[in-house]
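User: I would like to learn how to read a sheet, its pockets and its aromatic pairs from a structure. Please go through them one at a time.

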Amino acid sequence: SGAGTEPEFQVSYRGDTCVGSTKARNTTIVFSCGKTLGIPEVLQHSDVECHSLLTWQSSVACLKAPTVPEARCYNYDSKGYAQDLSPLIQTKGSREAIGPTGLKGYRFFVNPCRNIVKGDPSACDGAAVCALPSTGNPIKYEVDAKKSALTDHLTATYYSKTKCSNSDSKMQEATVTFICPQSASENGIIVTNNDTCRLSLEWRTEYACRAADHQSR
């Protein structure tokens, strides 16, 4: 929820004339301060009045601008159901993933859609996905505010500032695929390949389920 002294404000948009009406379509969004970018929620909608009212708790609506890079962490499926993964975001710390046998000595830490802050270990701060070797520097895959936005297929890609190799111009990337589990016992994060150049992870979580499925669980 928003901070106590943070003001709310609203923005209104006018569009084309509604079907079967002389009124112009009108949408009002009431913004308030939140811990993450958040997701807009519909409070009211009237076809008769041709008006929609939405609320949006978002970090960009706070008086103090957010300093940690963050990307959109929600999407809508083909039927219009919202799939919001922002409850998985940690404003401090991260979650550890299960690593593959082919990358022994590495530990993997993930924070979806937002770079890690005050993580344990702190060596991974500033990365959304971090591959931490037993010795040496970690590989940090960072949020790009535009390119790391959650896709229609519930994937998000994060980008390293390091090349894959001295002879390769490609930069290292890590892609997380969010999957709806068949049961709660399947929840968790695993690294699914042995390639730090194009690292792949799967995160099974109920937040990847459609809204209708989520409500039935």
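Analyst: The turns below take the sheet, then the aromatic rings, then the pockets. Keep in mind that this is a predicted model.

User: In what order do the strands of the sheet lie, and is the sheet open or closed?

Analyst: Strand order is read across the sheet, not along the chain. Here the sheet is open, with four strands in the order β1-β2-β4-β3 and mixed pairing. At its edges lie β1 (9–17) and β3 (41–46), each of which pairs on one side only. Direction ignored, neighbouring strands are turned by 15° against each other on average.

User: In which sense do β3 and β4 pair?

Analyst: The sense is antiparallel: β3 and β4, the latter covering residues 51–58, are joined over five bridges. For a point of reference, look at E41, which stands opposite T55 in β4.

User: How is a pair of aromatic rings described?

Analyst: Two quantities are used, the distance of the centres and the angle of the planes. The structure holds five aromatic pairs. Take F9 and F31: their ring centres are 5.3 Å apart and their planes are at 20°, so this pair is stacked, the cut-off for stacking being under 30 degrees. The pair links distant parts of the chain, since F9 belongs to strand β1 and F31 to strand β2, 22 residues apart. With W56, these two residues form one aromatic cluster.

User: Are F9 and F31 buried or exposed?

Analyst: Each residue is judged by its relative accessibility, with buried meaning under 20%. F31 has 13% and therefore counts as buried. F9 has 39%, so F9 counts as partly exposed.

User: What volume does the largest pocket have, and which residues are closest to its centre?

Analyst: A pocket can be read by its volume, then by its lining. The volume of the largest pocket is about 400 Å³. Its lining has 17 residues, of which K35, K64, P66, T67 and R114 are the closest to the centre. By class, this lining divides into seven nonpolar, four polar and six charged residues.

User: Which elements give two or more residues to the lining of the second largest pocket?

Analyst: Start again with the volume: the second largest pocket holds about 310 Å³ of space. It is lined by 19 residues, and the closest to its centre are T36, G38, I39, E41 and Q57. The elements that give two or more residues to this lining are β2 (24–33) and β4. The classes here are six nonpolar, nine polar and four charged. E41 thus appears twice in this reading, once opposite T55 in β4 and once among the residues closest to the centre of the second largest pocket.

Methods
Residues are numbered from 1 along each chain as its sequence is written. This is a predicted model: local features need pLDDT of at least 70, side-chain atom pairs count only at pLDDT 80 or more; totals for chains, interfaces and linings use all residues. Side-chain values use heavy atoms; hydrogens and water are left out. Two strands pair if DSSP finds at least two bridges between them. Axes are lines fitted to C-alpha atoms, for helices over the stretch in contact, and angles run from 0 to 180 degrees between N-to-C directions. On a 1 Å grid over the protein atoms alone, a cavity is a set of points where a 1.4 Å probe fits but cannot get out, and a pocket is an open set with protein on both sides within 12 Å along at least five of seven lines; lining residues have an atom within 4 Å of a point. Grid points are joined across faces, edges and corners, and a volume is the space filled by probe spheres set on the points. Ala, Val, Leu, Ile, Met, Phe, Trp, Tyr, Cys and Pro count as nonpolar, Asp, Glu, Lys and Arg as charged, and the others, Gly among them, as polar. Rings of Phe, Tyr and Trp (its six-membered ring) pair if their centres lie within 6.5 Å; planes under 30 degrees apart count as stacked, over 60 as edge-to-face and the rest as tilted. Buried means under 20% relative accessible area, exposed over 50%, partly exposed in between (1.4 Å probe, protein chains only).
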